[in-house]
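User: Please go through the strand pairing and the chain contacts here, and say what each term rests on.

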Amino acid sequence: MGETQTGPLLKTPLHALHGELGAKMVPFAGYDMPVQYPTGVMAEHNWTREHAGLFDVSHMGQCFLIPADGQYETAAAALEKLVPADVLGLKPGQQRYSQFTNAEGGILDDLMVTRLGHPGHEHWIYLVVNAACKDADYAHLKAHLPAGVTLKIAEDLALIAVQGPAAVAAVATLAPDLAGLKFMTSLDLAIDGIWAHVSRTGYTGEDGVEISVKSADAVALTQKLLADARVKPIGLGARDSLRLEAGLCLYGHDIDTTTSPVEAGLTWSIQKRRRIEGGFLGAGRIQKDLADGAPRLRVGILPDGRAPAREGTVVKSADGQPIGTVTSGGFGPTINGPLAMGYVNRRFAEPGTPVLLEVRGKDLPAKVVTMPFAPHRYFRG
Amino acid sequence: MATVKYTKDHEYIRIDGDTGTVGISHYAQEQLGDVVFVELPAAGKAVKKGDSAAVVESVKAASDIYSPVSGEVTAANPDLEGAPATVNDDPAGKGWFFKVKIANPAELDELMDEAAYKAFLDTL
């Protein structure tokens, strides 16, 4: 998961707190981040599925698009040139998952797009992008946004995710209005006196929230949240196994500049109007993939045995021909077994198709399965 | 009491006559985290000192286990397939990986004894 670094590692506002909590720190996307706490990846994963886990995701990029004319449509139309999602159709407070595409229809990054709902800010768009891509994303936005839309990079915001079946109940004890918030919507409110922007979303497949808060308030808010016995800190290790079980893509692994959103199984995130109208970078390839079917598809792969198949593992057909590659693979504590996702030739993408995984020179039997591996438990109201 | 020796890669070998029992140290299992899968060599396999002889996988990653000595594998721990977490729970005991018939006892002299390994850990 760690990327190669040069120069000193950056620290999130919670860095010192991670140390106090006994975290093992690793370099990730230029930041010194907690990979696990003393209980370890397995216990943290299971705690999140059963109770609530708190994740420091302050390394992610947060920014705003602000239209000079005060019209939401101005900002939305500008963003729609760069992402295939329906941004114009967002209601105040509503959030959508999307991707920055390139001219070839590949993915530069994946991101969350929110139309702010707070009175007076309903024309603002709030974006959350990947840490490893954020500098490139900001440059991409600056290069393409029209003069009437300003990019405001939020350097002074932390981001804290609380995920799991008890997550919202725990946060709602400090902010009761959160209880009725629906999946993929957001609210600006005070959490026990600390002003925050809260989205009912996440990266674990569980119900939960992501809380954007001033960096100066991040430690105080985290301590209030961790004071609840249901909430424990969770590192990047369990974040990865949780998202893999949920079938969610990790940028740079499962999606990149060579994969189209259609191949990646993200067609659901391209609303109907955009599929028909296009009008975003790389629309030609993406519309072609939609019309003709993508040559390869991202699928879930479940090994029959116990050996995990890691990223880069060659996937073969039952008769031994190479048909694809694993892009994420490991062990799922909730399903109590190995699991993987990767790309295969579309003729082999049907769930139930038997395949082979070449692990340490041996072809291990596996099959293509429908994702997620662990059921999503979002709150749709 | 059997002698235990260690490699710099944190394997141990418990020496009992001409047979050695190989596993990983408490420090190694702690660094790996939760063990979810172990691949062991078959009995009869010839291994060389420093060869990758087994693989241990945690939730996050796979790691090679190198044989501390040359020789022939005489047994692999049958319990690890169904209960890989034994490596975490009892690395020095029930969590052993394989037994090897030691071909060249002189190779043992190149390994660290308990005190030297403890001193080595202090440098990490």
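The questions below take up pairing first and chain contacts afterwards.

Analyst: This is a predicted model, in which local features need pLDDT of at least 70, side-chain atom pairs count only at pLDDT 80 or more, and totals for chains, interfaces and linings use all residues. Residues are numbered from 1 along each chain as its sequence is written, while chains are lettered from A and ligands numbered from 1 in the order in which they are written.

User: Why are β11 and β12 of chain A called paired?

Analyst: Two strands pair if DSSP finds at least two bridges between them; strands are DSSP runs of E, at least two residues, numbered from the N terminus. Four bridges join β11 (194-199) to β12 (208-214) in chain A, so they are paired, and they run antiparallel. A:A196 stands opposite A:V213.

User: What makes β10 and β13 of chain A edge strands?

Analyst: Each pairs on one side only. The open sheet has the order β10-β11-β12-β9-β3-β13, with mixed pairing.

User: How do you know that β1 of chain B pairs with β10 of chain B?

Analyst: Two bridges join these strands in the antiparallel sense, and the definition asks for at least two, so they pair. One of the bridge partners is B:M112, opposite B:Y6.

User: Which residues of chain A and chain B count as in contact?

Analyst: Those with C-beta atoms, placed from the backbone, within 7 Å of each other. By that rule, 14 residues of chain A are in contact with ten residues of chain B. In chain A, α2 (41-50), α7 (236-245) and β16 (322-332) each supply at least two residues of that side.

Key: Contact = placed C-beta atoms within 7 Å.
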